[in-house]
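Biologist: Hi, could you walk me through this one? I'm new to it, so please keep it plain.

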Amino acid sequence: MDYREGWHNRARYTVFDAHYGDGAAIRVLTDVWRTDPQRSPNLHVIALCDHLLPGFHRMPQAEPGMTLDLLSAPLEDALAELTARVDMFRLHDIEHAGTGFARHVARVAAQNACLLAQGLTPDQVAALTAQGFVFDADGRRARFASRKPRPPAPPAPERRVIVLGAGIAGAAAAERLCARGWQVTVVDRQPQPAMEASGNRAGIFMPLLSKDDNVPTRLTRAAYLYALRHWERLGGIGRAIEGETCGVLQLARDAGHADVQRAIAADTSLPPDFAEWLERPAAEALLGVPAPDGGWLFRGAGWARPGSVCEAMLAACGGRLERRFGVGDVRIERDGEHWRLTDAQGATVACAPNLILANGAGAADVPQAAPLPLTTLRGQVAHVPADMVPKLPVVLCREAYLTPASGGVCSAGATYDADPNPDLSPQSHAENLERLRGLLSDPDAAKDAPLEGRVGFRSVAPDRLPLVGRLPDFAAAGTTERLRDVPRHPGLYGLLGYASRGLIWAGFAAELLAAGIEGEPLPLESSLVDALDPARFVLRARRAPRGPEAEN
C-alpha cells in the first residue's frame, strides 16, 4: 500500500489502526511519511492498544507534526468515544468484534476516506457497505462514498492568542499552542510567572482510584499519565523540573476504608508501577513510621515545584512567545474581531482574536466568566524544618500530605477554607501540624514548628472538575438543552477550576484545548470531554428547580 497518494496536499492526515500490536506497521507508516517531501505537515495516528491502562493515551512524539494516540478499549467502544475525522482505516484482527462498530466508523470517516481490510467477516463487510463504504472486488479495500451530508470542517483559526495568567495553567496553554506554531502573548499582573496559586514549594502528582472507575478517576488517570510523559519531553523531573519521582504512599483512613481499597486491588488489574496496595507490614517497612491500615503506593508519583514546571514550559515556547508581566489588573473587552486587554491607564497590553483565561481565582473578575459557578478557596501550606519530622522516602498523604525534604524544608498541608486573608494564619498552621501528626501517628511531631509557609487561592468548581474549552454565553443561552447548542463567546476559552490538582491537570487540559481549537482528533473520550466543558453549567442551571421549593 502506497500511503503517499492520500496525504499529498493535505494539512492533516489521520489514520485509524484497529490493532497496534508491536507498533511495527505504525513505524513503517511514519517512516514513509517522514521521507516524503510532499507529505502532509501533520500526521495523526490513532491505534487500539490492549497493553495500557483503560482509556485514551496521547503519546508525546519527538517528531514535529507527528501525533500518536493509543486507545485501550474494545473497538466499538473506542470508536464511539472518538472525536476525529479519519482519512484512512486499517481494520484487521477484528473478526470477533461483531458489526456494531461499522456505524461509528462511518461517523468519524472523512469524505472519500480509504479503508484497508484484512480478515473481515462477510457480516462486517456488509455492515460497512450499508454505512456507505464501497469495496473493491477482492474485498480488501474500500472508499467511503456516503451521500449523507458531512459536518463542514471548521475554518482554520488565526493562530494568535492572548493567555491571561502565567501560572501553571497559562504556561501549559502557551507551550501547547506554541508547539503548533501559534504566536502567544502571556499576560500576568505579577512581575514573574508562578507567583500566585502556582508558587508553592511543592505540588503532589498522583492518580486517583475508585471501585467503579468513575469520571474523576478516569480523567485524573488520563491527566496524570500524560503529565509523566509530557514532563519527560520537557527534560524530566529532577532535571529540567525541580522535584522527585520518589513515589506517593496514600494511607487508608481507617480499617473500613482499607477494606474498600483491598476490594479495588482485588477487582482491578493494576500494574504495580502504577498502583500497588500495601498491607501494614509492607507499608511500615517502606516508611519507617506507623501505617496502621496500609495504603496505596504510587511508584511513578511524587512531588514537583510548580514554578519550575512553568519555567520549563515557557522556555519550550521559544521565539513564538511574548511575555507581558507586571502589568497589574487588566480590563478585557471585545473590539470587533479581537480581544483587547488594557491596563489601569487605558493603554493596550495585548490584542488578538483569541483569548484564554488561565488566571484561576482571577477569572471571577472577568465579566464573561463571572457567571461560572467557581469558588475561591484558600490553601495554606506549612513549611516544616526537616529535622522536626522523620526522614520520609516517599510523599505521605491521606487527608493531608507531607513531602520529603527539599532545601531543608518539608511541605505539609494544605488547608481548604473560604477565608480571603492572604496572610499566614496561626490557626491554619495548627491545623496543618495536627494533620501532619495524624499522618505520622506521632503526637509530638513538629512540636513548636515556627509559623512558616505560604498561602494561595484555588479556583474550584462545584463538581471539583476543571473547566476546559470555549466559554458559554449565559445571557444568550435561552432554553438550550444540549452542549453543542450552547452559544459561546467568540474566541474566548477557559482553563480554570484546577482546585488542588493543577500540577497534573495543566498539560493535559492545555493539550485538549489546543487540539479542539485546531480541529485535531481529541486525546480524550468524548463523554469525558463533555464532563469538562464549561458550558455544562449552563445546562445544569436550566435544569435546577425554581420557585419556593428550590429554597427549602
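Biologist: Which strands does helix α4 lie across?

Modeller: Helix α4 (residues 101–108) lies across β5 (86–92), β6 (109–118), β7 and β8. Its direction makes about 140 degrees with β6; axes are lines fitted to C-alpha atoms, for helices over the stretch in contact, and angles run from 0 to 180 degrees between N-to-C directions. Helices (H or I, at least four residues) and strands (E, at least two) are DSSP runs, numbered from the N terminus. This is a predicted model, where local features need pLDDT of at least 70 and side-chain atom pairs count only at pLDDT 80 or more, while totals for chains, interfaces and linings use all residues. Residues are numbered from 1 along each chain as its sequence is written, and side-chain values use heavy atoms, leaving out hydrogens and water.

Biologist: Is α4 mostly covered or mostly open?

Modeller: Mostly covered: six of the eight residues in α4 are buried, meaning under 20% relative accessible area (over 50% is exposed, in between is partly exposed; 1.4 Å probe, protein chains only). The buried ones are F101, A102, H104, V105, A106 and V108. They pack against several elements, including α3 (75–80) and α5 (122–130).

Biologist: What sheet are β5 to β8 part of?

Modeller: An open sheet of eight strands, in the order β3-β4-β2-β1-β5-β6-β8-β7, with mixed pairing. Its edge strands are β3 (55–59) and β7 (133–135), each pairing on one side only. From one strand to the next, the twist averages 20 degrees. Two strands count as paired if DSSP finds at least two bridges between them.

Biologist: And what happens at the β7 edge?

Modeller: β7 runs antiparallel to β8 (residues 141–144), joined by three bridges. V134 has R143 in β8 as its bridge partner.

Biologist: Over at the other edge, why is β3 called largely enclosed?

Modeller: Because five of the five residues of β3 are buried, the rest of the structure largely encloses this strand. β3 pairs with β4 (residues 66–72) in the antiparallel sense over five bridges, and M59 stands opposite L68. Their hairpin has six residues between the strands, and G65 there takes a positive phi near 90 degrees.

Biologist: New topic. Which sheet holds β21?

Modeller: An open one of six strands, ordered β17-β10-β9-β21-β28-β27, with mixed pairing. The edges are β17 (321–325) and β27 (467–472). Helix α12 (residues 502–518) packs on this sheet, touching β21, β27 and β28.

Biologist: So where does I356 sit, and what does it touch?

Modeller: I356 is in β21 (residues 354–357), buried with a relative accessible area of 0%. Contact means heavy atoms within 4.5 Å. Leaving aside residues up to four places away in sequence, its contacts include V161, A173, Y493 and L513. I356 and G165 are 191 residues apart in sequence, yet 8.7 Å apart in space, C-alpha to C-alpha.

Biologist: Last one: which side chain of opposite charge is nearest to D343?

Modeller: That's R324, 8.8 Å away, and D343 is buried with no salt bridge. A salt bridge needs a side-chain nitrogen of Lys or Arg within 4 Å of a carboxyl oxygen of Asp or Glu. D343 lies in the loop between β19 (338–342) and β20 (348–352).

Biologist: What does its side chain reach instead?

Modeller: The side chain of D343 reaches the backbone nitrogen of Q345 at 3.0 Å. D343 also touches V327, D329 and V349, not counting residues up to four places away in sequence.

Technical notes
Lys, Arg positive; Asp, Glu negative; His and termini not counted. Polar contact = N/O pair within 3.5 Å; in protein donor to acceptor, adjacent residues only side chain to side chain.
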